[in-house]
Amino acid sequence: MSETGFIPGERIPPALSVSLARSAKIGQDRTLLGVAVFIASESVFFLAIVLAYLAYRDAGLVTAKANLDVPRTAIFSVALFSSSATTALAARRASRGWLVATIALGTVFLVGQGSEYARLLASGIGPGRELFGTTFFTLTGLHGLHVLVGLVALFALLAAHIRRPSALRPVAFEAVGLYWHFVDAVWVVVFSVVYLGTLL
Amino acid sequence: MRPPAEAISALALVVGAIALLIFIGVEGALIYAVLRYRSSRLPAGRPARFERNTRLEIAWTALPAIVLAVVFVLMLGTMAEIGGGGVEPGLRVRVAGHQWWWEFSYGPVTTANEMHIPIGTAVDLDLTSADVIHSFWVPELGGKSDMLPGTTNHLRLFARRAGIYEGQCSEFCGVEHAWMRIRVVAESQADFDRWLAAQGRPAATRGGDGERIFLANICVNCHTIRGTAAAGAAGPDLTHVGARATLGAGVLPSDVARMRAWIADPQQYKPGALMPRVPLSDPELDALAAYLVSLK
Amino acid sequence: MTAIPLWVRRPAGERVGWLRTVDHKEIGVLYIGMGVAFFAVGGLEALLLRAQLATPESRLVDPLTYDQAFTVHGVTMILLAIVPLLVGFANYLVPLMIGAPDVAYPRLNALSFWLSLVGGIILYFSFLAGGAPDTGWFSYAPLAERSFAPGPGVDYYILGLAVNGAGTIIGAINLTVTILLMRCPGMAISRVPLFVWMTLVTTILILGAYPALTAALVMLFVDRQLGGHFFDPAGGGQAVLWQHLFWFFGHPEVYIMVLPAMGMISEIIPVFSGKPIFGYRFVAGSSVAIAFLSFGVWAHHMFAVGLGEMENAIFSATSMLIAVPTGVKIFNWIATMVGGRIRLTTPMLFAIGFIAMFVIGGLSGVSLAVVPIDLAVTDSYYVVAHLHYVLFGGTMLGVFAGGYYWFPKMTGRLLDEGLGKLHFWATFAGFNLTFLPQHWLGAVGMPRRVFTYAASTGWGPLNLVSTIGAAILAVAMVIFAVNLVRSLRSGEVAGDDPWDAFTLEWATSSPPPPENFPVTPAVSGRRPLWDRKHPELRDPS
Ligand code: HEA
Ligand code: HEA
Ligand code: CUA
Ligand SMILES: [Cu+2]
C-alpha cells in the first residue's frame with residue numbers, strides 16, 4: 001500500500017492482470033522487464049569500460065603477463081560460474097538452500113578477488129601504476145562492486161524469505177537471479193579479456 | 001593551388017544556398033499553412049479529414065536524401081583539396097600549443113606567438129601540444145585543427161596576399177584561452193627569408209644591465225635567449241622578442257612601456273597566466289624592458 | 001468549452017506532501033518545478049555571460065568566474081533544466097495518456113526525482129566548496145585532469161552528473177516498462193499518443209547513452225582520485241578516449257532533449273488544427289530512425305581532432321542522414337495544419353515557433369556535418385548559435401507550448417492568453433536577436449568560451465546586439481513568470497477539456513484524481529476522447 005492510499009497495480013487493466021498471474025515471462029512482468037531493461041543499460045556501461053581496457057591492452061600486456069595469476073583466478077571464476085546454476089535452482093524451487101549456496105559461491109569469488117588485489121598491491125601494482133593498473137582495477141573493481149550489490153540483493157531476498165515466505169512473489173527470485181546471471185556473464189567477458197587475454 | 005580557406009568558402013556558399021532554398025521552402029509552407037487555414041479567416045465548417053498519403057511521405061523522404069547526397073559528394077571533393085591534394089608543401093612549421101602561448105619551430109629556429117609565412121607557398125603545420133588540447137585557427141588562411149598532447153596533427157595554410165592574419169586558439173584550454181591569439185605575417189619569399197635568417201641568429205649580447213638582470217633572476221628558468229645562458233622552456237623563446245608586435249599572445253601591443261608593465265605584473269594583464277610576478281625594483285624593470293625590446 | 005464528464009470525479013486521496021509523494025503526477029510537477037527553477041538559474045548565468053561579452057575587453061567579471069559561469073550554464077540548462085522538464089512532462093502525462101493509474105514503479109519514480117535533484121545540488125554545492133567546475137560542459141581531458149584542474153570543481157561535476165544520471169536512468173527504466181506494460185485495453189502500441197511514442201524512444205536513448213557518460217565519469221574519477229591514466233597522455237592514456245565516450249553519450253543526449261518536445265507539438269498541432277496528425281506512422285517511425293542513427297554520429301563533434309578523412313566522411317554521412325527522418329516530422333506537422341482550422345492559441349503559437357526556429361537550427365546543424373565547413377567554424381560562436389536554435393528555439397519553445405497546453409490539466413486553471421502571446425512574441429524577438437548574430441560572429445572568427453575579445457577584432461557591435469537580445473529574452477521570461485504566478489492564483493478555471501482535445505488525459509478531471517481514472521478506460525482508436533465526443537466523426541480504426 002503506497003502512501004497515497006492507492007496500491008500501484010491494483011487497478012491495472014484486466015488483460016494485464018491475467019498475464020501477471022501467469023507471470024514470469026520477461027516481456028510481461030514488470031519486475032522482470034525492469035531488471036532486464038536495467039541490465040541492458042548496464043551492458044552499455046560495461047561495454048564502455050571493456051573497450052577502454054582493450055584500447056590500452058597492448059600498453060599493459062607485459063605487466064599483465066608478468067603479474068596476473070590465471071589458474072588461481074580461473075578456480076575462483078568457477079565458483080562464480082557455478083553460482084549461476086545454483087541461482088537458477090533457487091529460482092525454480094524458491095529454495096532457501098540454493099540461495100545460501102549462491103551467496104556462498106559469490107562470497108568465495110569476492111574473497112578470491114580480494115586476495116588477488118592484495119597480492120598485486122603488495123607487489124606495488126595499484127590503479128595509479130601504469131595503464132595496466134588503471135584499467136585492470138577499474139574493470140575488475142566495477143565488476144566486483146556489481147557482485148557485491150548482487151550479494152546484498154541475495155541476502156535481502158533470503159531475509160525476506162525467512163521472515164515471510166508467503167509474502168514473497170516468486171518473481172522476486174527470478175528478478176534477483178536474472179541480475180546474478182548478468183553479473184556472471186560480465187565476468188565471462190572480463191575473465192576472457194583480462195586473464196585469458198594474457199595467454200595469447 | 002587554391003587556398004584551403006577559399007575552397008571552404010566556396011563549399012560553404014553552395015551549402016548555404018541550398019540551405020537558404022530549403023529554409024525559404026519550409027518556412028514559406030509553414031507560414032502559408034498558418035495564414036491560409038487560420039480558423040478566424042475560414043468560413044464556418046469542419047476541418048478536412050485527410051491524414052495520410054504514402055506517396056507524399058516517400059517524396060519528402062527521398063528528396064532531402066538526394067539533396068544530401070549531392071552535398072556529400074561536393075564535400076568529398078573539398079576534403080581532398082584541403083587535405084593537400086598531392087601538392088608538396090614549400091615549408092613545414094612545427095607548432096606547439098602551450099597554456100596560453102604558441103611555439104613555432106622552423107627547424108632549429110624557434111619563436112613564439114608571431115608566425116611568418118611566405119605568400120604563394122603551401123605551408124604545412126605539424127601541430128601538437130605541450131599540455132592540454134588547443135586548436136589552431138586563423139580563419140582567413142584555412143580551417144582549424146585541434147592540437148593534442150602526444151599526437152601530431154596537420155593543417156595546411158596558404159596565403160595569396162601579403163598581410164597580417166589574426167587568429168586564435170579555439171579549443172577551450174583554461175582561464176586564458178581568450179588571450180591565446182595568433183598573428184600570422186604573410187610576406188614575400190624574400191622578406192620571409194630575411195626574417196628567418198634574422199630569427200636564426202643568436203641574440204646580440206652586449207653584457208648590458210638588462211641582460212645581467214635577466215640572467216640573474218628566475219627568468220632564466222622559463223625563458224630561452226639564444227646566445228646567453230638562459231635556456232628555460234616553460235615560457236616563450238625571447239631571443240627576438242623585440243621583433244614581435246605583441247606581448248602575452250596578443251594581450252598587449254609591444255613597446256618599452258608595455259614590456260615594463262608586463263614584466264612588473266603579468267597577472268594584471270593576463271590573470272592566471274603561467275608567468276609569475278617577479279619582484280624587481282623600478283630601475284631593474286626599466287633596464288630589463290629596454291633590453292628585451294632591443295632584442296630585434 | 002464545456003467539459004464532457006466521462007467519469008465521475010472521485011474525492012481526492014489523502015495528500016502526503018511533496019517530500020514523500022510517490023504519485024506520478026506530483027513527481028511530474030516536482031520535476032517540472034526543478035526544471036523551471038534551474039532554467040531561471042541557468043538563464044541568470046547566461047545573462048552574466050552576455051553582460052561580460054557586451055563590449056570588447058570588458059572587465060566586468062574575471063576569467064575564472066566566466067569559465068565557471070558557462071560551464072555551469074551548459075550543464076544546468078541541459079541536465080538540470082531541459083531533461084527534468086521533459087522527464088517531468090513525461091512523468092505527468094504518460095500514465096494519463098495510456099490510461100494507467102500510475103507508472104510501473106511509483107517508489108522508484110520518487111527515487112529518480114530525488115537523485116536528479118541531489119545531483120544538481122551537488123554540482124551547485126561546488127560554489128561553496130572551493131570553486132565550481134570551469135572546464136566546459138563536456139569537460140575535455142586532459143584539461144579536466146587533476147594536473148590542470150587541481151580544484152574540487154571537476155570532482156563535483158563528476159559526482160553531480162553521476163548521481164543525476166543515475167536518477168535519469170532509473171526514471172527511463174520506469175517509463176519504458178510503464179509504456180510497454182501498462183497501456184489500457186485497446187491501447188495498442190500503434191495507437192498511443194505520439195508524445196508517448198517519442199517518450200519511449202527517448203527512454204531507450206537514455207538507457208543506451210547515459211551509461212557511457214557514467215563510465216567516462218568513473219574513469220575520470222579514477223584518474224583524478226586514484227592516480228589513474230585513462231585520459232592522461234603523460235601516463236600513456238589518450239585524450240580522445242574521453243571525447244569518444246562523452247559524445248557517444250552527448251549526441252544521443254541532444255535527441256533526448258528534442259524528441260519529447262517534438263512529441264509535445266505532435267499532440268498540440270493536431271488539436272489546434274482540428275485534424276488528426278498527418279502520417280502518424282511516419283512521425284512515430286522517424287523517431288526510431290533518429291534514435292538508431294543518433295548512436296552513429298558522435299564523432300561529428302570531433303572533426304577537428306584528426307581522426308582521419310575516412311572516419312570524418314563516414315560520420316558526416318550519418319549526421320546528414322539524420323536530417324531525413326527529422327525532415328519527415330517537419331513535413332508531416334505542416335501537412336497536419338494544411339486543410340485544418342487553425343486556432344492560434346498560445347500553445348499553438350509556440351508549437352509553430354518551434355518548427356520555424358528548429359528548421360534554422362537543423363539546417364545549421366547539417367552545415368556543421370559538412371566536414372570542411374565544420375573545420376572552419378567548429379568551436380566558434382557558429383556552434384553556439386546552432387545549439388541554441390535547436391535547444392532554445394526547438395526544445396524550450398516546445399516546452400513552453402506544452403506548458404501552456406497542459407497547465408490547465410495540471411492546475412485546473414488556464415494560463416492567461418494575453419500575457420502568453422506577449423511572452424511568445426517577446427521570446428521570439430529576443431531569441432533571434434540574441435542568437436542570429438552569433439552565426440556571423442562564428443564565421444568571422446570568434447571562438448566560443450572566450451571571456452573577452454580584442455577590440456581590434458571588430459566583434460563588438462554584433463555582441464552588443466546579442467546582449468540586447470538576451471535582455472529582451474529576460475523580460476520575456478519575467479512575463480512568463482508573472483503569468484505563471486497570476487494564473488496559479490486567479491487564472492480562468494479550465495474545466496476538464498478546455499482545448500477540445502483528443503487524448504485520454506483530457507478525459508479525466510483537471511487536475512486528475514490520484515488514481516487518474518476511476519475505472520480503467522478502454523480505447524478503440526488513436527483519438528479516444530474525440531471519438532467519445534464526436535461519435536459521428538470517429539476515426540476509422
Ligand atoms: C536539441 C538538440 C540538438 C539537435 C536536435 C541537433 C541537431 C543536429 N545537429 Fe547539433 N548540436 C547540439 C544540439 C542539437 N543538435 C549541441 C548542444 C551541440 C554543441 C555541443 C557542444 O559542443 O557544446 C551541437 C553540435 C553539433 C555539431 C558539432 C559542431 C562542432 O562542435 O563542431 C554538429 C556537426 O555535425 C551538429 C550537427 C547536427 C545535425 C546534422 C543535426 C540534425 O539532427 C538536424 C536535422 C534537422 C533539419 C535538417 C531541419 C529539418 C529538416 C528538413 C526541413 C528536411 C530538409 C533538409 C535538408 C535536405 C538539409 N550539431
Ligand atoms: C537548453 C539549453 C540552453 C538554453 C535554454 C540556453 C539559454 C541561453 N544561453 Fe546558452 N548554452 C547552452 C545551453 C543553453 N543555453 C550550452 C550547452 C552552452 C555551452 C556551454 C559550454 O560551452 O560548456 C551554452 C553556452 C552559451 C553561451 C556561450 C558561452 C561561451 O562559449 O563563452 C552564451 C553566450 O551568449 C549563451 C547564452 C545564452 C542565453 C542568452 C540564453 C537565454 O536564452 C537564457 C534566457 C533565460 C533567462 C534570461 C532566464 C531569466 C530568468 C528570470 C529573469 C527569472 C524568471 C523566473 C522564472 C521563469 C520562474 N549560452
Ligand atoms: Cu589554447 Cu584555447
Ligand atoms: Cu551531435
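**Figure 1. Five-strand sheet of chain B in the predicted model.** An open sheet of five strands in chain B runs in the order β3-β2-β1-β5-β8, and its pairing is mixed. The edge positions belong to β3 (109–112) and β8 (153–157) of chain B. Each has a single partner strand, so one side of each is left without a neighbour in the sheet. On average, neighbouring strands are turned by 25 degrees against each other, direction ignored. The model is predicted throughout, here and in the views below.

**Figure 2. The β1–β2 pair of chain B and the helix packed on its sheet.** Strand β1 (residues 91–98) and strand β2 (residues 101–106) of chain B pair in the antiparallel sense. Five bridges link the two strands. Within this pair, B:Val95 stands opposite B:Phe104 of β2(B). Helix α3 (residues 189–200) of chain B packs on the sheet. The helix touches β1, β2 and β3 of chain B. Its direction makes about 100 degrees with that of β3(B).

**Figure 3. Three-strand sheet of chain B.** A further open sheet in chain B has three strands, ordered β4-β10-β9, with mixed pairing. Its edges are β4 (114–118) and β9 (163–168) of chain B. Each of these strands has a single partner, so one side of each is left without a neighbour in the sheet. Neighbouring strands of this sheet are turned by 25 degrees against each other on average, direction ignored. β9(B) pairs with strand β10 (residues 181–187) of chain B in the antiparallel sense, over six bridges. B:Tyr165 stands opposite B:Val184 in β10(B). Helix α3(B) appears in this view too: it lies across β4 and β10 of chain B. It runs at about 135 degrees to β4(B).

**Figure 4. Iron atom of ligand 1 and its histidine donor.** C:His386 is the only protein donor of the iron atom of ligand 1. The donor atom is NE2, at 2.1 Å. C:His386 is found in helix α13 (residues 381–411) of chain C. The copper ion (ligand 4) is separated from the iron atom of ligand 1 by 4.5 Å.

**Figure 5. Copper ion (ligand 4) and its three histidines.** The protein donors of the copper ion are C:His251 through ND1, C:His300 through NE2 and C:His301 through NE2. They lie 1.8 to 2.1 Å from the ion. In sequence, the donor residues are spaced H-x48-H-H. The iron atom of ligand 1 is 4.5 Å from this copper ion.

**Figure 6. The largest cavity, lined by helices of chain C.** The model holds seven cavities of 30 Å³ or more. The largest has about 130 Å³ of space. It is lined by 15 residues. Closest to its centre are C:Leu86, C:Val87, C:Leu175, C:Thr202 and C:Ile206. Three helices of chain C, α2 (63–97), α4 (153–181) and α5 (194–226), each supply at least two lining residues. By class, the lining has ten nonpolar and five polar residues, with no charged ones.

**Figure 7. The second largest cavity, lined by chain A.** About 80 Å³ of space lies in this cavity. Its lining is A:Arg72, A:Thr73, A:Phe76, A:Phe109, A:Gly112, A:Gln113, A:Glu116, A:Thr140, A:Trp187 and A:Tyr195. Two or more residues come from each of α4 (70–93), α5 (96–122) and α7 (170–195) of chain A. α5(A) gives the most, with four residues. By class, four lining residues are nonpolar, four are polar and two are charged.

**Figure 8. Backbone details in two loops of chain C.** The loop between α3 (106–125) and α4 of chain C holds C:Pro142. The peptide bond from C:Ala141 to C:Pro142 is cis, with omega near 0 degrees. C:Ser139 also lies in the loop between α3 and α4 of chain C. Its phi is near 40 degrees, a positive value in a residue other than glycine. C:Pro511 lies in the loop between α15 (460–490) and α16 (528–533) of chain C. The peptide bond from C:Ser510 to C:Pro511 is cis, with omega near -10 degrees.

**Figure 9. Contacts among the chains.** Two pairs of chains are in contact, and chains B and C share the most contacts. No contact joins chain A and chain B. The closest C-alpha atoms of chain A and chain B lie 15 Å apart.

Notes. Residues numbered from 1 in each chain as written. Chains lettered and ligands numbered in written order. Predicted model: local features only at pLDDT ≥ 70, side-chain atom pairs only at ≥ 80, totals over all residues. Heavy atoms only, no water. Contact = heavy atoms within 4.5 Å. 1 Å grid on protein atoms, 1.4 Å probe; cavity = no way out; pocket = protein on both sides within 12 Å on 5 of 7 lines; lining within 4 Å. Points joined across faces, edges and corners; volume = space filled by probe spheres on them. Nonpolar A, V, L, I, M, F, W, Y, C, P; charged D, E, K, R; others polar. Donors = N, O, S within 2.8 Å, 3.2 Å for Na, K, Ca; no water. Pairing = 2+ DSSP bridges. Axes fitted to C-alpha atoms, helices over the stretch in contact; angles between N-to-C directions.
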